[in-house]
Amino acid sequence: MSDENKSAKVEIDIDKSDDFEINIDKIDNDNDIDPHNDKNDIDPHNGKDITKMEISAKEEHLVTYSKDDNSIVYWDIEKKRAEFRVNVKLGRDTDLCIRISDNKKLAIDNGSHLRIYDMENNQEIKLENLDCHHPTFDYRYFTFNLNDEFILYERDNNIVLFYSTQTKNKKWKCKRMYKIPKDFELISVSKDDKLYLFSNDHSIYAWDLVTEKNLKILSITEELPKDLGKRFKKHIRFYNDENFICIYVVGKIPIFSTKMETHIGTLYNSKAKTDETHVYYYAWRLPSLRPLLNNIDVMLEYVRSKSPEDLKDKDKIQITTKYALGIQKGRIWKMDLEESLAGMDLTIENLKNPSEFLKYWDEYFGNNSELIRKTFKVHGVKLFGIYKPFLDNINELFEEVIDGKHEEERKKESSLGIIRWEIIIERRILKLKAFITIHGKVTTLTRDENLNDRSMTARLLGIKLFSQVNIIILTTKGLFIYFIDTKNESESNVSIILFYYYYMEINDENVEECKNFFLKPTLPLPNYNSFKFCEGFVSDIQSNDKNVIYYEKLLTFGIKEHKFDLINKIYENSLKKFKYEDETRDYLTIITSTMPLLKEYYPEFISKYSSDTSMIIDSYLFNVKDNDDSLHLYSFRHLHIVNLTRSIWWFSKRTKTKTITFMNPYIGFVNYPPYDNYYDWFIELFRPQPSPFVESISREIYKTWDGETLINFKWNHYGKYYYSIIWIGFMFLLGCFTAAATIPQQYIDDDVRKKLLIASIILGFIHLSFEVRHFIYSPIKWLTNFWNIFESNFSFDEFNTNNNDPNNPWNIAPAYHQVFENGTVDPNPFIIQQPDENTNMFVDFGTSIFAMYKFLTGDSSALSNWAYKDDPSLAILIVLFSFLIVVYLMNLFIGLLNNEIEKDNDRVSYLMQKAEILAEIELFYLLPHQRRWKTWFPEKFVLRYYYADDNKTRQKIKEMRKKSEWSTSPFTKLRETLLKQLKIEN
């Protein structure tokens, strides 16, 4: 190397485990070097080929490694110059793994040893409490993140460790530590702290350590190349930003949208499978995709064609989110990809067969993306791309009707000429006739739609054809969308299907308003009258899978209209479509969201659902494994990463027991509407919209483990804390008022009594505010609650103590009256016996409790100072107390001792009471935005699981079978698998 460009030298003998000498001399960059001047042809690798390149997390630095030169060079990308040179002595032929940080830290692994160096301070770094060179230490992955933290994955314990790179005594301290479940193995960690995990079922998951949210992003279904073998996971690469995750795996790059939670496209390293215009378009739209395009030949050829001729090692060009990088005459060459791609004519019109996501990119990933995701989550956001052309054509049709272009129109031909429609309305019947050419032969299709609404005359306003087989019909009774089903082009199987109908009364005065109603980013879901006045629409929804999105609305209609056959069919279809893949599990929300109505009209369906879905195992998560014995009925989300930061390097020893993972079928059961999070905060404070959980407190739900785990989850996350706070508040109110009202004046200062009364008033008004909200929410329920009526009898007058108070100890103490000679008695006492603490034991709170205890034992002397004849209310209270306490409670205890109350029913009653308490806490003690916290109320479509002790599971199944509560359909195979695993005879 030239003397003009002195480099920092780090002499490293990787294969030696003893100490070695490190000498660093920084490169002298005072003299600017012109990369276009051949005389300044300086190469830090001494003219040898570059073996590999690595980029730092912030993409500010680059390292190049030359195997022939045994050297590593650390580059500053912005300054385009080399800063350090590391000489590496390898004792054997091996592949070197290198990672760098942006604060000049270097980690090197040769397959047997991991070494970490601080190049700025010329020293080797050790990890605190960890010996990376120990033969039993099995690390499989390491990297640096955006915060310049060092991340290390230790495979034996399946733990990911995060180290601060702030050096102290040549050591780095562990800041965070996470435990990965047994069924998963770490592939890599992104620069923004996403863990990418590989599961036993050959699926890839992403876990965000910041939001604690996980997503299943890919299932490896195809057969893997034989040459990869167990090294398959090492060949998977990831790159992501806030909205997208891109994965390179086996010659292709699947692209996953985290915002839409769905796969949006795949790029193949094959021009036959992926057109090059798609590669450029995705690269232009997705900066996070660009680093993975190092593996796509189309993009590499494009970058190489733009690079200078004298660029060294063009096959080693590195693509980042911003630049394409290479080495040119001792300096970094970089090409601005954003600028280069923007200069290309990348429009949708120039793409061949673009997907719905490419066609409507701005709609899917722009401002309306969240609304689209919420609306189409159950059945796939791809449906928006299918609906978008409908919305555009509906808008055009309304414009034409407003302009009067469809007056008296009855016929319309398609642009391709193979379908001709004839539409007419006669006597509230919409008559459709379509002439379609199939294999050169014209076939006539007909359909009559009965419009049962007699409120106004039906009239045809306009029709519009698009995409050859679809027709939109606008009438005074609403909007219809039909299509011709041509999947099987035999004459007998082609038919006209009603795809969509929205009932609305349209006239000349409100047509503009109706048009604006359809300007939303999605088609409005059919309303109640859409099903009521068009029976054909109800029939087509049940027979056509494309209309499954309307099942929830249709089930609500069926329940309210008492159509038992319709309810039963939707119920069975929903369970039938329920499969063990993420995209179809959400069909259960169709049933759980309508449970309040089912409880009111058809409670037998709740019992049936609880029985059918109890103890459902997940096909790809099912196994019996050792877990902490405290995890029985512990609820969790799939892929639960345990944060062990508080217990770094020590673990509590707990008893292990075998557990089974079950799926909780009550998906979306706990969520509060509206699910798009657009709500009026003030209105929600006084009139909260209830969740299905609040309105469906049923014994049939909570007699199962599914219902119990639901209660446990809520209780442990917030219920027990709010319940404790409420009781503490009541105790403070009771204590303050009792102390102020009952403690004698000689024992308490007037100023203290005043403060206690003020505190009582404040706490009383707080309690009153909750009661007022409760009354506003449901006046009838509040008035019919016995305890509320009981509480309303409270009066401050009862505590007004004065000389005329009959409970004043001086008024009930023995008194002596003077008798005059004429035999009359002086009404004023002549002598009064001075009262003591036992005269009225109810003056003090402590002695009043003791008085009641004496009464329970049969001593009623504490009540003897009152005349029962003059105080009938006291006599009634004595009788009631004697009956309730002595008769009822004693018999209750006897009943419990004799097991006359079934244990299961007692447990269910306890859970139902807990559910009532939780419902009240959620409605009146949580604020509106708290009821939508995802940690407490998981998203409507997030699936939850729970652990169950295998011995207790075995016992529970036997009990259910004995009571005929064990349903084998509709999940016969899963039930058989579970019984076989538990060794229970089927």
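## Strands and confidence in a predicted model

N240 stands opposite I245 in strand 20. This pair belongs to a predicted model, and the strands around the pair can be described in a little more detail.

Strand 19 covers residues 237-240 and strand 20 covers residues 244-248. The two strands run antiparallel to each other and are joined over 4 bridges. Together, strand 19 and strand 20 make a hairpin, with 3 residues between them.

Another part of the protein chain holds an open sheet of 4 strands. The strands of this sheet lie in the order 15-16-17-18, and their pairing is antiparallel. Which strands stand at the edges? They are strand 15 (184-189) and strand 18 (213-219). Each of these has a single partner strand, so one side of each is left without a neighbour in the sheet. From one strand to the next, the twist averages 30 degrees.

For strand 15, the partner strand 16 spans residues 194-199. Strand 15 and strand 16 pair in the antiparallel sense over 5 bridges. Across this pairing, F184 stands opposite S199 in strand 16.

The two pairings described here are set side by side below.

| Strands | Sense | Bridges |
|---|---|---|
| Strand 15 and strand 16 | antiparallel | 5 bridges |
| Strand 19 and strand 20 | antiparallel | 4 bridges |

The next topic is the chain as a whole. The protein chain contains 28 helices and 41 strands. Of its 986 residues, 50% are buried. The area that the protein chain exposes is about 50,800 Å², and carbon and sulfur atoms supply 50% of that area. Contacts can also be sorted by separation in sequence. Taking the contacts between residues at least 6 apart in sequence, 59% join residues at least 24 apart.

How confident is the predictor in this model? The mean pLDDT of the protein chain is 79. A pLDDT of 70 or more is reached by 79% of the residues. Where is confidence lowest, and where is it highest, in the protein chain? The lowest value belongs to strand 1 (residues 9-13), with a mean of 52. The highest belongs to helix 9 (residues 528-532), at 93.

Two stretches have pLDDT under 50 throughout. One of them is residues 1-8, for which the model has 26 contacts beyond four places in sequence. The other is residues 650-654, for which the model has 5 contacts beyond four places in sequence.

Methods. Residues numbered from 1 in each chain as written. Predicted model: local features only at pLDDT ≥ 70, side-chain atom pairs only at ≥ 80, totals over all residues. Heavy atoms only, no water. Pairing = 2+ DSSP bridges. Axes fitted to C-alpha atoms, helices over the stretch in contact; angles between N-to-C directions. pLDDT = per-residue confidence, 0-100. Contact = heavy atoms within 4.5 Å. Buried < 20%, exposed > 50% of the residue type's maximum accessible area, 1.4 Å probe, protein only. Areas by Shrake-Rupley, 256 points an atom, 1.4 Å probe, with all protein chains shown as cover.
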